[in-house]
Amino acid sequence: MEDGSNSGSLNLLVHNRALADLKEEAGMPDSVILITENVVPCVRYVHIYILAEFSEFFAHLLQTHNINMASITKIKAITISLILNLSFALPATALAQQQCDSASTGGCHDKAKSLQLKLIAIFSILMASVIGVCLPLFSRRIPALMPDRDLFVVVKAFASGVILATGYMHVLPDSFNALMSNCLPVNPWKKFPFTTFVAMLSAILTLMTDSFAMSYFKKHGINRKGGGVDGEKEKNGERGLGCIENGGLHVGHCDEFNDKDSMLLRNRVVAQVLEIGIVVHSVVIGVSMGASTNQCTIRPLIAALCFHQLFEGMGLGGCILQAEYGMKTKAILVLFFSTTTPFGIVLGIGLSNVYSDRSPTALIVVGLLNASSAGLLNYMALVDLLAADFMGHKLQGSMRLQAWSYIAVLLGAGGMSLMAKWA
């Protein structure tokens, strides 16, 4: 053991001397020598040996052609610099590729244990989603939770804060991480902010959907009795939205009906668009969990997603309740919200053998979907949920209720932001 240690020290001394001699002979600048000394030792010695041998061979070749010593020194320095650049660039590229390839290995990766956690996640997230989205729908049995009561407004503000934090603290950072990954080429993914660009386009597209849907339903649903929205209301035994223009109704009454109907239509558009944004994000995060074998990541993610689905479901359930849908439509919306994340997990489990969350294709698709979902959720939370409520008659007429609602928003957003530490 002692002989090996002495031999290693002797080799180190020889290599260090070779490096000093090479610097002196070739006129290498200090910056080059510093770069070489900072390389991993075993790699550094190989570099020194190659540089020394190549330098001596090249110098001998030039001397045989009667080239003066000053020119030889300059040519050697240039040659050494080129070799150094190549030798340092290649290990960096190989290291980045190795990090991508080894991302799915380690002590936390256990396929059998992670599968058990995924099965637990499917049932626990399903139950949390059903409870969250159904609580507001059954609030009609509780007078204090009726949509026109103060407690309902505060609870909805809390759920809106959860949705807002989901977009900003969970979905948007996930998109940044995917599209800025070292597993993707620098050009174009690190040359242009695709995440914020796609999120901006998604917010504009959501606004367009809001606007065109309102215009369409106002034209085909309200002004024609029995068509569009009216037909669904009649099938479910609820109040029709039609305003009979030539049926002898007073103009004042017709305006009053139009105001109520416009608000009802807006609530319906909000509920449907919000569900689309939540479903997209839920499928993406479900597939990511289902394909992962990292039990250290899955375990805290289960608790975070249960909290997330519970309170996000309360926000969506409040919108569905205000939309006054019939039982069939309510059941469809509840089913889609409750099953998308478990479905994503099942899909991820089925694709786990062929799906890699570090592959360029997966990173690009997940990153762009998360960016579009973030733009939609942020717009819906700020414009259609928070701004619509806080600028409405009920909250504008009560400073006390407005203050409690803001506290609820901060609590919802703060709790969801805290979950970003684990998910």
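Residues 192-217 make a good place to start in this predicted model: the span is 92% helix and 0% strand, and its end C-alpha atoms lie 39 Å apart. The stretch is one of those that the UniProt annotation "transmembrane region" covers, in an unreviewed entry. That same record also lists residues 77-97, 117-139, 151-172, 269-289, 333-355, 361-382 and 403-422. For residues 333-355, the span is 78% helix and 0% strand, with 29 Å between the end C-alpha atoms.

**The chain as a whole**

Stepping back, the chain has 15 helices and zero strands. Of its 423 residues, 40% are buried. How are the contacts spread along the sequence? Among contacts between residues at least 6 apart in sequence, 78% join residues at least 24 apart.

**Two helices with bends**

Helices α6 and α13 invite a side-by-side look. Helix α6 covers residues 150-179, and helix α13 covers residues 360-390.

| Helix | Residues | End-to-end C-alpha distance | Expected span | Bend |
|---|---|---|---|---|
| α6 | 30 residues | 43 Å | 44 Å | about 35° at Thr 166 |
| α13 | 31 residues | 43 Å | 45 Å | about 30° at Met 380 |

For α6, the 43 Å reach is close to the 44 Å expected at 1.5 Å a residue, and the helix bends by about 35° at Thr 166. In α13, the 43 Å between the end C-alpha atoms likewise agrees with the expected 45 Å, while a bend of about 30° falls at Met 380.

**Aromatic pairs**

How many aromatic pairs are there? The count comes to six aromatic pairs. One of them joins Phe 158 and Phe 311 edge-to-face, at 4.9 Å centre to centre and with 70° between the planes. Because Phe 158 lies in helix α6 and Phe 311 in helix α11 (residues 295-323), the pair ties together parts that are 153 residues apart in sequence. Are these two rings buried or exposed? Phe 158 has a relative accessibility of 19% and therefore counts as buried, the cut-off being under 20%. Phe 311 is buried as well, with a relative accessible area of 17%.

Phe 192 and Phe 197 make another pair: their ring centres are 5.5 Å apart and their planes stand at 70°, so this pair is edge-to-face. Here the surroundings are described differently by accessibility: Phe 192 is partly exposed, at a relative accessible area of 37%, and Phe 197 is partly exposed too, at 35%. Both rings belong to one aromatic cluster, which Trp 189, Phe 192, Phe 194 and Phe 197 form.

**Just before that cluster: a cis bond**

Which peptide bond is cis? The bond from Asn 187 to Pro 188 is cis, with omega near 10°. Pro 188 sits in helix α7, which runs over residues 186-189.

**Cysteines**

What about disulfides? The count comes to zero disulfides. Cys 134 counts as buried at 16% relative accessibility, and Cys 306 counts as buried at 17%.

**Loops and a short helix toward the C-terminal part**

Three residues are worth a visit in the viewer. Glu 324 lies in the loop between α11 and α12 (327-350). Its phi is near 55°, a positive value in a residue other than glycine. Glu 324 is partly exposed, with a relative accessible area of 32%.

Ser 352 is found in the loop between α12 and α13. Leaving aside residues up to four places away in sequence, Ser 352 touches Gly 290 and Ala 291. What separates Ser 352 from Lys 111 in sequence and in space? The two are 241 residues apart in sequence and 9.9 Å apart in space, C-alpha to C-alpha.

Gln 396 belongs to helix α14 (residues 393-396). With a relative accessible area of 43%, Gln 396 is partly exposed. Not counting residues up to four places away in sequence, Gln 396 touches Phe 390, Met 391 and Gln 402.

How values were computed
Residues numbered from 1 in each chain as written. Predicted model: local features only at pLDDT ≥ 70, side-chain atom pairs only at ≥ 80, totals over all residues. Heavy atoms only, no water. Helix = DSSP H or I, 4+ residues; strand = E, 2+ residues; numbered from the N terminus. Expected span 1.5 Å × (residues − 1). Bend = angle between axes of the 7 residues up to and from the residue. Phe/Tyr/Trp six-rings, centres within 6.5 Å; stacked < 30°, edge-to-face > 60°. Buried < 20%, exposed > 50% of the residue type's maximum accessible area, 1.4 Å probe, protein only. Disulfide = S-S within 2.5 Å. UniProt positions renumbered as here; feature names shortened; annotations may be inferred. Contact = heavy atoms within 4.5 Å.
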